[in-house]
Amino acid sequence: MSNILRLSTLKTPVLRPLCRAYSGQVDFKAIEEKWKSRSSPVVHDPAKPNFYALSMFPYPSGMLHMGHVRVYAISDAIQRFRKMKGYNVLHPMGWDAFGLPAENAAIERGIHPAEWTVKNIAIMKEQLSKLCIDFDWSREIATCDPEYYKWTQYIFLELHKAGLAYQKEAVVNWDPVDKTVLANEQVDPDGKSWRSGAIVERKKLRQWFFKVTEFADDLLKDIDRLEHWPERVKQMQRNWIGKSKGAELEFGIVSSPGLEPIKVFTSRPDTIYGVQYLVVAPEHPLINKDILPSERADSVLQFVQDLNKKQNMDEAEENKKGEFTGLYATNPFTNENIPVYVAPYVLSDYGTGAVMGVPGHDKRDWDFCRVNEVVDKVRFVVEPTIREVGSQVEDAPYLSAEGIMTDLSGPYKGMKAKDAAKEIVKKAYELGVGRAATQFRLKDWLLSRQRYWGAPIPIIHCPTCKVVPVPAKDLPIALPLDVEFSGKGTSPLARRDDWLNCECPKCKGPAKRETDTMDTFVDSSWYFMRFTDPHNTQLPFDKAKASSMLPVDIYIGGVEHAILHLLYSRFISKVLLKQGAFVEKPDAKPGHGEPFNVLLTQGMVHGRTFKDPSTQRFLKPEEVDASDYNNPKMVATGEKPLISFEKMSKSKYNGVDPVSVLEECGVDSTRLHILYKAPPSEVLEWDDASIVGMQRWLAKVLKLSQTASSTDPLPVTMTKDEKEIYRVTHQTVKQVTEAMSSTYSFNTAISDMIKLSNHISGSSAVESPVYRYAVQNLVKMMAPFAPTVSEECWEHVGDNSESVFKQSWPVWEQAALEKDDVNCIIQINGKTRLSLTLSKEQAGDSSLIEQLVRDSDIGSKWLSDKQIKKTIVAKKGQLVNFVL
C-alpha cells in the first residue's frame, strides 16, 4: 500500500497475491512514467462534430476498486477512439459527494463530513491518476461544493415554481430511543436501529416530493425511443413505472351514509362479482377511533400501533396478517355487504390506499383470505375456456384474465372475461359507482432526508406566509460547518439556531428554514448537464453549450443504477427541456428530452475465492498456498480448497487492490486484461495470473514497431505476401472500428488485434512498406486500450513526432478485403465432399469448377461419369453444390 492509501479512514482490505511477474526485457514502468507526463490540453474545434462520453461519477469512498477500473477503462477506450475519429470529445469526471457514509463517519470517528469527503476525493484522484484515464479535469465537479448545490437548489425552485415540488405526509423509519429518522439501510433485517438497537417504528412526517407521476406517460412511452439501451434495463424501467388500465370502483360504507365511499382501483373489473372483502392501508382515513365501531376500535388501533413497532416499510408489503375493522361496505354490483380489513401490504401512497379482496383470482388475496379466515367458501367468477376433466377450480386461484364468466357473474355469465370487463366498466359509470381509470405503480419522488450531509432544501417556513421559496439571488443556502454530530435527535441543522432562524422574504417577519436536505439522487439527476458548462456562475448551464453537447452519446455504469438514477435523470431532463433550459438538435437521438443515447451497463468484477471444503469457511490469503496457481493448497492441511469466483468483499477475503495490481503489472496490461476477459455487460472473473499474456503481447507489438524500418511509400504492385498483410490489416480495422462504434465488444477487438500481430510477425516481408503500414495501423488501434505502450511504439514506427492520439483512426477499404484466391467448398447433393483453391476469375465459372472436380481424386469418386442435373453457385463462388 502507498502512503496515500494509509491516509484513508477506511479499513484496508486483506488482499490476495498479485499477477505473476513478467520476465521479459520491457520496462513497462519506465514507459508509463515517460508518457504519463506528456498530456496535451483539451482543445475544442468548432469545425468538428461533438461526442459526449460519460461514466457514472463515483461516490468518494476513499478506495478505488476493480469495478472502477473496469468502467473507466471502458469509457477511456471509447473516448480516445472518438478523438482519433475526429470528434470534439467531452469526457469529464466528478464526485457524487453527498450521502450517508460521510455523516456516519462524523458520528463514529468525529471527523467532519466535509473533511472526510475532501480527503477521500484527494486519495481517489491520486489512485485514478495511475490508470492513465484521459479525463478533462478542468470540468471536475463535486456535488457537495456550494457552487454545485447552489444550482441543485435552483432546479428545486424551478420545479416548485412549475408545481412539480410539493409537501405531504409520508411514513419514515423512526428510532424511538435516539429520536431520529433512519434510512432503510440503517434498519437491520430484524427491524432494529443500527445504532440504538431499538425496534424501529413507522411514523408520519411532512416531507417534500417531486411530482414524477406528472411525467409517467412520457417516461413510459419514450422507453421505446431508447434503441441503444439493454432490453433488461428498459424492462426494469417499464415494470417500475407499471402502467395498469382498469377501473376505479366505489364501495359505500354500510350504516354510515355520511362517509365517503371506499374507492378502489382494479385492473380486473371482470372479477367484481368475486369481491368478498376490502382491505385498506393502516394510514387510511377510516382507521380512526371516531369512525371505527366501538367494539373493534381498540383492537384495530392496537394492531396498527404494533405494526409501526415491529417492521420496517420494505417488509410491510409481504405481510399477510390483517385485522377486521368491524366496518362493512356494499359491493355495488351484488349489493352484498362485505367486511373491511386493515393490513400493511396495502400502501397509503399507492393508488387509493384500498384494494379489493378477490381470493378466487389473486394469489395474494387467496393467501390473505386463508391466513385471516375471511370467508368459508371462495367465489370463482372466471373459469378456463377449456378445463381438464377432473380438475378442481377450488384448489387454487384462477389467475388468468383469459376465460369465461361463470354462473356467479350475474348477467355477464357465459361472456368472455375481457368483454365482460368492458361492459362492467360501462355499467359502473351508468350507476355512478365507477369509471375507467389508469394507474401507475410509479410513486412521486420523496426527496426529503432528515440528515445533514446533503443539499439544503431552499424553503422558508413563515407563520404568516406559510411556505416561501428562497429567492434565487440568496442561493446557495450553504450548510453550516460548525455543527455537532451525535446520531440522536433532530438533524444538526435544526439545532443551529443562527442558521435555522431567518427573515421571511415576503413579510420580513421571523421565520425558519427547512431543515430537510435533498436525496442524493437529486444531485446526480442533472450532473451530466453541469459538465457541459461547469464554471457558469449565472445559471446551472448555458443553454447553447448544453444544447450542443446533449444528449450524452454513451453513458457507462453499473446495472444497479438501472432504475432510480436513470429514471430520475430522465425526469429532470424532460422537465428542463420543457422549461427551455436547453433545446434539442433536430436530428438528436433519442429525442423527447431523453438524456442518454447509448447505455452500456458493465458487469461486476468477481474475485477468486477459497473455502475450507469441510467447514465452508472463507479462507484468508495467508491460509492458502497459491504459489501454484492451478493447484492451491490449504496451509494447515495440504488439502485443495474449494475454488469459486464471487463478488469481491472483505468477508470473503477475495479483494484485489487495483493500485497494487497497476504498480506490479503495469497500467496498459491491466487495462487490456480487464477489457479482454469478458464482454463489458457480463460478470468478469478476475484472474490476475493471466495478465502476463497481455504483457507479452504488448512486448511483441513493441518489438514489431522497432523492426518495421521501411520508410518507402506503399507499392503499386504487391507480392502475394504483401497483399495478404494488407488484406488482414484492413479486415482488422473494419472489425475493431465496428466494435468501438457500435457493439462495444472490446474483448473481440483485442482478439482481432492479437491475430493481426500474429499475422504480421509470421510474415517474411519485414523490409516492406506494407509491413510498416500494418504495424502503424495496429499501433493506432491499440492506442485507446494501451495508451503508454502505444505512444512508445509510435515513437518508433510513426511518420511524425506527434502523439499517436494526434493521428487519424485507420480507415478500411472494401476493395482491400477481397482475396485473390477463393477457397471453394464443393457439395454433392448438399453434402460437403472437398474444397478447391481457385482464383477470383475461376470462382464464377461453374463449367471449369465441374471439370476441376471431375479431375480430382476425391471428385472423381463422387461424380465419376454421373450426369449433373443442376449446379448451384453461392457466396461469390465460395460454395458450389452439384445436384445429381
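**Exercise 1. In which helix is glutamate 103 found? Then work out whether this residue has a salt bridge.**

*Solution.* Keep in mind that this is a predicted model.

Step 1. Find the residue: glutamate 103 belongs to helix H4, which covers residues 100-109.

Step 2. Look for a partner. The nearest side chain of opposite charge is that of arginine 451, 4.9 Å away.

Step 3. Apply the cut-off. A salt bridge requires a side-chain nitrogen of Lys or Arg within 4 Å of a carboxyl oxygen of Asp or Glu. Glutamate 103 has no salt bridge, yet it is buried.

Step 4. Look at the surroundings. Beyond its neighbours within four places in sequence, glutamate 103 is in contact with Pro113, Arg451, Tyr452, Trp453, Phe485 and Pro492.

**Exercise 2. Describe helix H12 and explain how its buried residues are arranged.**

*Solution.* Let's begin with the length of the helix.

Step 1. H12 runs over residues 417-431, 15 residues in total. From first C-alpha to last it reaches 21 Å, close to the 21 Å expected at 1.5 Å a residue.

Step 2. List the buried residues of H12: Ala417, Ala420, Ala421, Ile424, Val425 and Ala428. Viewed down the helix axis, they fall within an arc of 140°, so they line one face of H12.

Step 3. Here is a helpful rule. An α-helix has 3.6 residues a turn, so residues three or four places apart point the same way.

Step 4. Turn to the other face. Away from the buried side, H12 carries the exposed residues Lys422, Lys426, Tyr429 and Glu430.

Step 5. Ask what lies over the buried residues. Their cover includes strands E8 (243-253), E14 (382-383), E15 (404-405) and E16 (434-440).

Step 6. Finish at the end of the helix: glycine 432 follows H12 and has a positive phi, near 75°.

**Exercise 3. Where is proline 476, and is it buried, partly exposed or exposed?**

*Solution.*

Step 1. Proline 476 sits in the loop between strand E20 (466-469) and helix H13 (497-500).

Step 2. Its relative accessible area is 25%, so proline 476 is partly exposed.

Step 3. Leaving aside neighbours within four places in sequence, proline 476 is in contact with Pro146, Tyr149, Lys150 and Gln153.

**Exercise 4. How many helices and strands does the chain have, and what share of its residues is buried?**

*Solution.*

Step 1. The chain has 27 helices and 34 strands.

Step 2. Of its 884 residues, 52% are buried.

Step 3. Among contacts between residues at least 6 apart in sequence, 72% join residues at least 24 apart.

Technical notes
Residues are numbered from 1 along each chain as its sequence is written. This is a predicted model: local features need pLDDT of at least 70, side-chain atom pairs count only at pLDDT 80 or more; totals for chains, interfaces and linings use all residues. Side-chain values use heavy atoms; hydrogens and water are left out. Helices (H or I, at least four residues) and strands (E, at least two) are DSSP runs, numbered from the N terminus. Buried means under 20% relative accessible area, exposed over 50%, partly exposed in between (1.4 Å probe, protein chains only). Contact means heavy atoms within 4.5 Å. The expected span of a helix is 1.5 Å times one less than its number of residues. The arc is that of the directions from the helix axis to the C-beta atoms. Lys and Arg count as positive and Asp and Glu as negative; His and the chain ends are not counted.
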